[in-house]
Amino acid sequence: MQTPLTIPVPVLRLPRGPDGLSRGFAPDGRRAPLKPEVPGIQECPIAQESAESQEQRARANLRERYLRSLLAMVGRQVSFTLHEGVHVAAHFGATDLDVANFYVSQLQTPIGVQAEALLRCSDIISYTFKP
Amino acid sequence: MAMRQTPLTCSGHTRPVVDLAFSGITPYGYFLISACKDGKPMLRQGDTGDWIGTFLGHKGAVWGATLNKDATKAATAAADFTAKVWDAVSGDELMTLAHKHIVKTVDFTQDSNYLLTGGQDKLLRIYDLNKPEAEPKEISGHTSGIKKALWCSEDKQILSADDKTVRLWDHATMTEVKSLNFNMSVSSMEYIPEGEILVITYGRSIAFHSAVSLDPIKSFEAPATINSASLHPEKEFLVAGGEDFKLYKYDYNSGEELESYKGHFGPIHCVRFSPDGELYASGSEDGTLRLWQTVVGKTYGLWKCVLPEEDSGELAKPKIGFPETAEEELEEIASENSDSIYSSTPEVKA
């Protein structure tokens, strides 16, 4: 049977996707409410600052340790646990600025060894290596 | 010249899309929220699929998502054992409601004052959103994890589905009114307030029951296992999708299969009609949402119909008497000159 000749419905453009930088909800968007200026609650500002700066220091510490762990991983064999029970191993190369992707080489996959590959961090559940 | 469906693909999620919901029609149009296993539910403009924002905060896969009627609030149910309520205008998290197990489903009442949740702990919970610190009211009775829970009959009753049963509860007395048993796993449930219709899918069946009495109205069989189905607001059509990656559109009155579309690269987990019935959205294992026109070729949202007689060069006018022109050549002519920027994967009726 001959398929009837058809033209695909034209579209003005594709739906816009996330901008990859922010979480969206643009303040100048159509539904943006006028945000009332919340009067600063100045109760114990010094105590608040101290708790905040403590947290900030702890966070900076943890971040530094994490970045150093990434440096220690360079060139090493790393085992990754991915979603759906998949395990792969590879030599770690580098990560990008947001740690969104891992650049690896000699990726051992169930369907063969990939010389160079990018692993999406959102696909990784955990990874382990011996320094 | 017959028009072929051009689905609009909304990308952005990195893992399977497991649930989606539309808001009601608001002065700003209507909105769409999608729940994803990547833990980052997204809000989109309903008629175009344009991304508005991502609700950040969950620490696990988001299994259920819903919007209130005027799309000012959103609620999400996640594998991190919490349900969260969000400001859908600013994207800010308003409340985190701790549960004892994975939360699968959330639903607002019409007035947005109460939130119904259900999940793997087999309990239905009703939270008073004006008193978030107060303990929720709990309804027990399910013997397996709750997959979907919905308010019905003007929020006076609750419908809930677990693996093999659908139960109707009275809100005031918190007791079970009636239940339905299935020998196959219930995959989805939709409640249509106008007409009090309940749409239930299980196996390859798409069944319609009265939401008041749970009595069966009718049911259809699809060619493959169906994961979700939706009834058109005017009850002329229904759409369904499932394990064969295809979307089916049926005439509700006759049960005749009208259209079917390939396009997704994985099983379809959820499908819903928009509140105005002009389009339907599908969410898939492939991580995308697709918007489909109910009436193919109509000008609506991003779809722009150009009638052959009045084209201004946007669509190439096929010359009369071209029996030897292959369909591929015609497609090329059409795509080079039209606004259609999709690569044409053949999506004709199977």
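**Exercise 1. Is B:Thr294 buried or exposed in this predicted model, going by its relative accessible area?**

*Solution.*
Step 1: Find the residue. B:Thr294 sits in the loop between strand E29 (289–293) and helix H1 (327–337) of chain B.
Step 2: Look up its relative accessible area, which is 3%.
Step 3: Compare that with the cut-off: buried means under 20%. At 3%, B:Thr294 is therefore buried.

**Exercise 2. Work out which residues surround B:Thr294 and what its side chain reaches.**

*Solution.*
Step 1: Start with the contacts. Leaving out residues up to four places away in sequence, B:Thr294 touches B:His232, B:Phe237, B:Lys249, B:Glu259, B:Phe273, B:Gly277, B:Glu278, B:Leu279 and B:Tyr280.
Step 2: Now pick out polar contacts. A polar atom of the B:Thr294 side chain lies 2.7 Å from the backbone oxygen of B:Gly277. The B:Thr294 side chain also reaches the backbone nitrogen of B:Leu279, at 3.4 Å.
Step 3: Check the cut-off. Polar contacts need N or O atoms within 3.5 Å, and the pairs with B:Gly277, at 2.7 Å, and B:Leu279, at 3.4 Å, both make it.

**Exercise 3. Describe the open sheet that contains strand E17 of chain B.**

*Solution.*
Step 1: Write down the order. Four strands line up as E15-E16-E17-E18 in chain B, with antiparallel pairing.
Step 2: Spot the edges. Strand E15 (148–152) and strand E18 (175–181) each pair on one side only.
Step 3: Add the twist, which averages 20 degrees from one strand to the next.
Step 4: Zoom in on one pair. E17 (residues 165–170) and E18 are joined over 6 bridges, and B:Asp170 has B:Thr175 in E18 as its bridge partner.

What holds such strands together? Strands of a sheet pair through backbone hydrogen bonds.

**Exercise 4. Do the same for the open sheet E19-E20-E21-E22 of chain B.**

*Solution.*
Step 1: This sheet has 4 strands, and the pairing is antiparallel.
Step 2: Its edges are strand E19 (186–192) and strand E22 (216–221).
Step 3: Neighbouring strands are turned by 15 degrees against each other on average, ignoring direction.
Step 4: Strands E20 (residues 197–202) and E21 (residues 205–210) pair over 6 bridges. B:Thr201 has B:Ile206 in E21 as its bridge partner.

**Exercise 5. Where does UniProt place the WD repeats of chain B, and how much strand do residues 55–96 hold?**

*Solution.*
Step 1: The unreviewed UniProt entry puts them at residues 55–96, 96–137, 139–179 and 261–293.
Step 2: Residues 55–96 are 52% strand and 0% helix, with end C-alpha atoms 13 Å apart.

Definitions and conventions:
Residues are numbered from 1 along each chain as its sequence is written. Chains are lettered from A and ligands numbered from 1 in the order in which they are written. This is a predicted model: local features need pLDDT of at least 70, side-chain atom pairs count only at pLDDT 80 or more; totals for chains, interfaces and linings use all residues. Side-chain values use heavy atoms; hydrogens and water are left out. UniProt positions are given in the numbering used here, feature names are shortened, and annotations may be inferred rather than shown by experiment. Helices (H or I, at least four residues) and strands (E, at least two) are DSSP runs, numbered from the N terminus. Two strands pair if DSSP finds at least two bridges between them. Axes are lines fitted to C-alpha atoms, for helices over the stretch in contact, and angles run from 0 to 180 degrees between N-to-C directions. Buried means under 20% relative accessible area, exposed over 50%, partly exposed in between (1.4 Å probe, protein chains only). A polar contact is a pair of N or O atoms within 3.5 Å; within protein, one must be able to donate a hydrogen and the other to accept it, and residues adjacent in sequence count only if both atoms are side-chain atoms. Contact means heavy atoms within 4.5 Å.
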